[in-house]
Amino acid sequence: MDRRDFIKTCGTVAVVSMLNRDFFSQALAQQKDGMFQAYKKALLVKQDGSPLKEEDIKPHVNYIFFYPHTATPCYLLNLGESIPPAEIKLKDGKSYKWGGGVGSKKSIVAYSAICAHQWSYPTPQYSFINYYPPDTPSETTKKAGIIQCCAHLALYDPKAGGSVIDGPAEFPLASIVLQEEGGNFYAVGVLGKDQFQQFFDNYRTELRQQYGSTAKARELVDKCIVMEVDKYVQAVVRC
Amino acid sequence: MITRRDLLKSAGVGAIALSVSSQPVFAAAERVVKMEALMPPPKGNRVVICGGGWAGLTVAKYLKKENPNIEVILIEQKPVFFSCPISNPWLADLVGLDFLQHDYLQPASKYGYTFMNDRVIAIERDKRRVYTTRGYIQYDYLVLAPGIRYNYSAWFGDNRELARLTKVNFPPAYIPGSEHLALKRKIHEFEEGDFIIVVPPGAYRCPPAPYERACMVAEVFKRNKVKGRVIVLDPKEDIAPKGPGFRAAFEQVYLGIIEYVPKASIKEIDPVKKVIKTTAGDFKFTDANISPPHQAGELVWMADLIAKDKEGKPTGWADQDPLTFQAKADPHVFLVGDVIGGVPYPKSGHMGNSQGKIVAKVIASRIAGKEYKPTLPDNTCYSMVNGSPQEAIVINVTYEYNEKEKKITPKPKTINERSEALAKATYEWARAIYRDMFS
């Protein structure tokens, strides 16, 4: 580790210092490959502004929030069962450790909702990338309990750190690292290969229209309003 | 150096396809012989890509992403990109022309490759040179992605006048540009009678396109209250792919407007009397969209990389490795997109994009001196089957490779039940790939 890496890692350590010891060492290890990026610690809240509690996160409901930037959407899911940690393998041979679910049942997970293939994402008008609960299989792929993008049918496994199940995506969905403290949930960073740069590059015009400026769209958040996806999106497109 | 005989050979093939310049061949030969280098020799590794369609554009971008030190030159004769996918909804005014058109400069500038708006007139594989109208360019690797050409000679033999009359008056509109603009004008000016759509025989670009086009033409007729029919003459026994979805649209959305005629192989076309004779009967028409058989684009013929059948006759499509897309006859040439043959891949925009990424990885690995085991491409294809409300159907195909049998097997998944959700997904599909190639 050279001096520059050391300083970089120390910066990350400072931000994640409130995490438990296991996660701390895991994040530090992952930092070596640049697979973990710490952002502002942000409290997950309900639409009325009060902290989101575990009982508010109903099983298999697709929730949306924005993290780490004002304009970058994420999905929050309670998968209804304990989700163990997993080793996420990338096509280039690299891998990283994903911490599994959080909450009392270890069933709550969160992912970036920007498709890792060609960056489709939920907008106030449409969402082409969505969670398909176990009782609602995709009509095209016949698979359930997945996150699927209808633009080009990239399929991801929310039980396995957002790994690619099928389709054209080269990378898993980036996962949002959640921390539970005193019954409240915080987002603290992004694990895996995020797609934020491509997202901001490709949607410059749309994001300017929605947020007023690129700078505003890129602002880092310290509070995330969590809502059901169909309360944010006019048309949830399933396929 | 290219010989006069070589040029005669390539120009002879082109003449059949009605797509090579009518300039005297000897003059062209002399011009090429005298040509000087258009660019200085490469300092490192140079990849020249001929064809700026879905496949060529993708190879250019992803090569630079794989290794920014590779010099990439994309040669395309059109100054502006005009998309064939989504052109059918555009025929019915469901999207504007701005949705289909894109500039070549944005990705070239962003990813650092050279866009050359020029025409390739000869290829000398032994010297690794591509000749454009302005000079030659030396390459280390050559990617040919020219798309398709029309094979009117399959219908008209040497009668170029009949071919010309058919093409000019009833354009196929499978090669974007004037033909698409002409077809749209014809559809919107149509007042009454029978409008015929001829489905090309054999392999052709975008297998569901003629059926989607029939829906979109019928949509315009319905909207304009035209007393007319759209007659689809198909050499196949049934609609494919997405047969049930298209058939339902024909019978439910456009009942009485679209008439589908299977097993209608073309026997004779009279573009003056406006009569088409087929194995399913003779059809007189008011106007038409007539597509002749397709073949691999001109440059593959020019490079002498067309596959041959057991009898030694050209198959019309490129002869390439099914996994790496490398030309079997030349390790320095890669063939990609609609030109390829011998694999069960549809000739589609999505497939060109998907293959382009694989080819970029293969070439970048070769340059790096590394082995790369290519993955298989995939295809997703939405078709608009209703314009009011807008509704679409979809097919997705992934592929499996059997190493033992050296065989690629398609695994299709289809939604034949049309929906507005899929219509929205159609545009998202296109936007996302345009974004991938241009942004």
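Which residue forms a salt bridge with B:R164? The legends below take up that pair and several other views of this predicted model.

This is a predicted model, in which local features need pLDDT of at least 70, side-chain atom pairs count only at pLDDT 80 or more, and totals for chains, interfaces and linings use all residues. Residues are numbered from 1 along each chain as its sequence is written, chains are lettered from A and ligands numbered from 1 in the order in which they are written, and side-chain values use heavy atoms, with hydrogens and water left out.

**View 1. B:R164 and its partner in helix α8 of chain B.** The partner is B:E161, and the closest N and O atoms of this salt bridge lie 2.9 Å apart. A salt bridge here is a side-chain nitrogen of Lys or Arg within 4 Å of a carboxyl oxygen of Asp or Glu. Both residues sit in helix α8 (residues 160-169), and because they are three residues apart there, about one helical turn separates them. Helices (H or I, at least four residues) and strands (E, at least two) are DSSP runs, numbered from the N terminus. B:R164 is partly exposed at 40% relative accessibility, and B:E161 is partly exposed at 42%. On this scale, buried means under 20% relative accessible area, exposed over 50%, and partly exposed in between (1.4 Å probe, protein chains only).

**View 2. The salt bridge of B:D234 and B:K236.** Here the N to O distance is 3.8 Å. B:D234 is buried, with 0% relative accessibility, whereas B:K236 is partly exposed at 27%.

**View 3. A salt bridge within helix α14 of chain B.** B:E428 pairs with B:R431, their closest N and O atoms being 3.8 Å apart. Why are the two separated by about one helical turn? They are three residues apart in helix α14, so about one turn lies between them. B:E428 counts as buried at 7% relative accessibility, while B:R431 is partly exposed at 35%. Elsewhere, shared salt-bridge partners join A:E170, B:E66 and B:K361 into one network.

**View 4. Where chain B meets chain A.** Chain B brings 26 residues to the contact and chain A brings 22 (contact means heavy atoms within 4.5 Å). Together the chains bury about 2000 Å², with 57% of it on carbon and sulfur atoms; buried area is the accessible area (1.4 Å probe) that two parts lose on being put together, summed over both. Two salt bridges are counted between the chains. One salt bridge joins the side chains of B:K361 and A:E170, at 2.8 Å from N to O. Side chains of opposite charge can pair when their charged atoms come close.

**View 5. The side of chain B that touches chain A.** Elements giving two or more residues to this side are α13 (349-368), β23 (379-387), β24 (390-402), β25 (407-419) and α14 (420-438) of chain B. The largest share, 10 residues, comes from α14(B). By residue type, this side divides into nine nonpolar, six polar and 11 charged. Ala, Val, Leu, Ile, Met, Phe, Trp, Tyr, Cys and Pro count as nonpolar, Asp, Glu, Lys and Arg as charged, and the others, Gly among them, as polar.

**View 6. Chain A on its own.** Chain A has six helices and 16 strands. Of its 239 residues, 54% are buried.
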